[in-house]
Amino acid sequence: MSEKDDLRAQAARHRERIDPASEPAEEAARLFAQTIPLSPDRSVAAYWPKGREFPTFDILADLLEKGVPCALPVMRAGSRILSFARWRDGESLAEGPFGIRQPIENAQTHWMEPDIVLVPLLAFDRRGHRLGHGMGYYDATLADLRAKKPVVSVGLAWAQQAVLFNLPAEPHDQPLDYVITPLKVHCFLR
């Protein structure tokens, strides 16, 4: 097992022990709205949380109420780059790869290249590096989007997911611009 795999396993066990009631998720939504410039001409890609991933529901509700276009990721066979389908409250989701809920593709699917990407994580450090599940989807996707246009990446986490040491980072790892927790905004803009 590599160092990253060992850290990933430890971080996943730690996240499972976090009591969601200890940090109100709606506070992260408030901090997000105060920190990230939003408008109807800037789209946001969120994720539908699985298991103990930080919930995006309050942020999504706020964005949709403000008329900000929202999208959710769709995994495609043979690609590590996520596609983003526009999503509106009430639209059905289906179980995709790894049990992740995603929009149902059809002829009316509106594909988007988001300006802001919300990123799930297992742990984050003081440099803006995150530990994900190790599949590389978000790193590949952020690299692809950033090659086309400026994109803001925002990790969402419980404050208890912060680590005091530097996480191992490889050249393909995409740093986050922000991590927002219910207790604080961490800005890593360079």
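I will go through the nonpolar cores of this predicted model, then helix H2, then one residue with an unusual backbone angle.

Start with the cores. The largest nonpolar core holds 46 residues. Those with the most contacts inside it are Phe32, Val117, Leu118, Val154, Leu156 and Ile180. At least two residues of this core come from each of several elements, among them helix H3 (57-65), strand E2 (70-74), helix H4 (137-148) and strand E10 (152-156). Helix H2 (25-35) is also one of those elements, and H2 gives the largest share, five residues. There is also a second, separate core of seven residues, including Ala11, Leu122, Ala123 and Leu131.

Now Phe32. Leaving out residues up to four places away in sequence, Phe32 touches Leu38, Ile59, Leu63, Ile116, Leu118, Val154 and Ile180.

On to H2 itself. Which residues are buried in H2? They are Ala25, Ala28, Ala29, Leu31 and Phe32. Viewed down the axis of H2, the buried residues fall within an arc of 165°, so they line one face of the helix. The cover over these buried residues includes H3, E7, E10, E11 and strand E12 (185-187).

Last, the backbone angle. Most residues other than glycine have a negative phi. Phenylalanine 98 is not a glycine, yet has a positive phi of about 60°. Where is phenylalanine 98 placed? In the loop between strand E4 (93-95) and strand E5 (101-103). Is phenylalanine 98 buried, partly exposed or exposed? Its relative accessibility is 42%, so phenylalanine 98 counts as partly exposed, the range between under 20% for buried and over 50% for exposed.

Technical notes. Residues are numbered from 1 along each chain as its sequence is written. This is a predicted model: local features need pLDDT of at least 70, side-chain atom pairs count only at pLDDT 80 or more; totals for chains, interfaces and linings use all residues. Side-chain values use heavy atoms; hydrogens and water are left out. A nonpolar core is a set of buried Ala, Val, Leu, Ile, Met, Phe, Trp, Tyr and Cys residues joined through side-chain atoms within 4.5 Å. Buried means under 20% relative accessible area, exposed over 50%, partly exposed in between (1.4 Å probe, protein chains only). Helices (H or I, at least four residues) and strands (E, at least two) are DSSP runs, numbered from the N terminus. Contact means heavy atoms within 4.5 Å. The arc is that of the directions from the helix axis to the C-beta atoms.
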